[in-house]
Amino acid sequence: MNLYKAGGISDEVYYYCEDRLERLKSRFEEIDRISEVNQLKVLLAMQKNNLSERHFQSSTGYGYNDDGRDIIEKIYADIFHTEDALVRPHITCGTHALTLALFGNLRPGDELLSPVGKPYDTMEEIIGIREQEGSFAEYGITYKQVELKSDGSFDLDAIKKAINKKTKVVMIQRSKGYDSRPSFSVAQIGELISFVKSVKPDIICMVDNCYGEFTEEIEPSDVGADMCVGSLIKNPGGGLAPIGGYIAGKTSCVRNAVYRLTAPGLGKELGASLGVNRSFLQGLFLAPTVTASALKAALFAASVYSDLGFKTIPGPDESRHDIIQAVVLEKAERLISFCRGIQKGAPVDSYVTPEPWDMPGYEDKVIMAAGSFISGASIELSADGPLRPPYTAFFQGGITWPSAKFGIMMSLQDMYENGLVTIN
Ligand SMILES: *Cc1c(COP(=O)(O)O)cnc(C)c1O
């Protein structure tokens, strides 16, 4: 308690937050149980592939015969139960991984379908929903979108109608991203994939798996997804991967994607690992417990803020399928204060005051709190939100649970000190 006080947490905030933890005990046990399953999955995949110290070595230039790079991809494929995987530092971010997966597998005249409503903000420019040079629209790749029903469920009739002879790829975003719809469970995604394939069996089902990895015992590739795609500065990088993205899926799908990353015909044999192999592997090894910390943090935030009367998505009693916690704060000042508090709780740059800015790829101004070891890593304690009503803070990450807990307390402390909330 003294240390919390030294860190700037008042008695009111401390006791209020501690009280919220009581009722989360059984949920925390469930999170630990899932993390145990995933830890074993990762460990056994490493053992099966005879991971060894020599795999931590680096390569330069073309990167031929980089055994470490190759074993990382085998381990990912085993964890995701897929035929193949592409896991590279040359994949700049999650958006880039998704772009490779899509551009690699779509051809002019094909159509992309999102059956789960609007995709993640940065995808709009890739697809050409917002005009952008180099978008699919420019290449003659068309796009259709089917909204979710008002209760958040899939509109199967409309999806069936939207599928036509041009439909080549169906893109399913697991996590809500910057939206206020629910995130989907792997089981729900499986039902959707089965339905889509019953309408047209040769459709490629790609899941935007960002933020979802290791939050459940299985991944979308266990229920029929042809590709799972994500970022290594989120869950699977475990806080240690300094960059990167992955695509785990069918051999043909992964090959098409790597022909975009390198060049047609060159494929997976190229790509120097530049010293990242050990951080990719060690990060992956830590990822199940790191994801569990982030899940606990999200749940704690939901409990703290819903008891203060704010809408939280998901609510503290709902099931979780990703590490994002949305808190609807209803006022721009609260959103800004929330983010400033999270920043104050960070291990790096805790003295910095975040300001809203025009972030590339996003339509509205965005405020971001991030004091991370890896720049922009959202598996580390971070919060952000577009400055648009209803002023929702999207909180995620926390590579250790106690530090994330402190960050969330700090977010409340900042609002409390600024008279933006009352604690009773
Ligand atoms: C983070 C995220 C992305 C894009 O990832 P970046 O690494 O920021 O490019 C795409 N989809 C979802 C659901 C995400 O959460």
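Good morning. A cavity, in this talk, is a set of grid points where a 1.4 Å probe fits but cannot get out, and its lining residues have an atom within 4 Å of a point. The model before you is predicted, and I shall describe its enclosed spaces and then its ligand.

A search of the whole structure finds 2 cavities of 30 Å³ or more. The second largest has a volume of about 40 Å³. Its lining is formed by Leu98, Ser114, Val116, Gly117, Lys118, Pro119, Met123, Met171, Gln173 and Asp208. By class, these residues divide into 5 nonpolar, 3 polar and 2 charged.

The largest cavity holds about 50 Å³ of space. Among its lining residues are Lys118, Pro119, Tyr120, Asp121, Gln173 and Arg388. Here the lining comprises 3 nonpolar, 2 polar and 5 charged residues.

I turn now to the ligand. Where does the ligand sit? It occupies the largest pocket. The residues around it include Cys93, Gly94, Tyr120, Gln173, Cys210 and Tyr211. Helix α5, residues 94-105, gives the most to this shell, with 3 residues. The shell as a whole divides into 5 nonpolar, 3 polar and 2 charged residues.

Three side chains deserve individual mention. A polar side-chain atom of Thr95 lies 2.5 Å from an oxygen atom of the ligand. For Lys234, a polar side-chain atom is 3.0 Å from a ligand oxygen atom. In the case of Asp208, an N or O atom of the side chain lies 2.6 Å from a nitrogen atom of the ligand. Taken alone, the ligand exposes 380 Å², and the protein buries 91% of that.

Thank you for your attention.

Conventions:
Residues numbered from 1 in each chain as written. Predicted model: local features only at pLDDT ≥ 70, side-chain atom pairs only at ≥ 80, totals over all residues. Heavy atoms only, no water. 1 Å grid on protein atoms, 1.4 Å probe; cavity = no way out; pocket = protein on both sides within 12 Å on 5 of 7 lines; lining within 4 Å. Points joined across faces, edges and corners; volume = space filled by probe spheres on them. Nonpolar A, V, L, I, M, F, W, Y, C, P; charged D, E, K, R; others polar. Near = heavy atom within 4 Å. Polar contact = N/O pair within 3.5 Å; in protein donor to acceptor, adjacent residues only side chain to side chain. Areas by Shrake-Rupley, 256 points an atom, 1.4 Å probe, with all protein chains shown as cover. Sits in = over half its atoms within 2 Å of the grid points. Helix = DSSP H or I, 4+ residues; strand = E, 2+ residues; numbered from the N terminus.
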